[in-house]
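Thanks for asking me to look this over. Here are my notes, as numbered points.

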Amino acid sequence: MIFTEYGADTLPSEHKLPSVMWSQEYQNEYLDMNHRVFDSYDFVQGELVWNFADFQTTEGIMRANGNKKGIFTRQRQPKDAAFHFRARWTSLPIDYKG
């Protein structure tokens, strides 16, 4: 099984402790929770975060000026989550089954 399109909207300028929605801390906690679940099952063979970078969408009450689930801003600047993913992915064992 491969998990796709998971993430949390995050404003790049928002930092809050304790974490609250839209903060970078909340995004990292949300990602940690997903990763703990993924890592607890052997049948999970992959993951694909939604989304690489923030992008503009239509306005609505559920979004803060577009889709902000990216690990990079629209200007391709890394959010805290980009470093979070780098640490995760570089620590995963490489398991070749060939």
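1. Which residues does A81 touch, not counting residues up to four places away in sequence? They are Q27, N28, L31 and I71, where a contact means heavy atoms within 4.5 Å.

2. A word on the basis: this is a predicted model, in which local features need pLDDT of at least 70 and side-chain atom pairs count only at pLDDT 80 or more, while totals for chains, interfaces and linings use all residues. Residues are numbered from 1 along each chain as its sequence is written, and side-chain values use heavy atoms, leaving out hydrogens and water.

3. Helix α1 covers residues 24-39 (helices are DSSP runs of H or I, at least four residues; strands are runs of E, at least two; both are numbered from the N terminus). Its 16 residues should span 22 Å because each adds 1.5 Å, counting one less than the number of residues; the end C-alpha atoms are indeed 22 Å apart.

4. Buried residues of α1 (under 20% relative accessible area, 1.4 Å probe, protein chains only) include L31, H35 and F38. The buried residues of this helix pack against β1 (2-6), β2 (46-49) and α2 (80-91).

5. The largest nonpolar core (buried Ala, Val, Leu, Ile, Met, Phe, Trp, Tyr and Cys joined through side-chain atoms within 4.5 Å) has 11 residues, among them L31, F38, A81 and F85. Both α1 and α2 give two or more residues to this core, and α2 supplies the largest share, 3 residues.

6. Strands β1 and β2 run parallel, joined by 4 bridges; pairing takes at least two DSSP bridges. T4 stands opposite L48 in β2.

Notes. Buried < 20%, exposed > 50% of the residue type's maximum accessible area, 1.4 Å probe, protein only.
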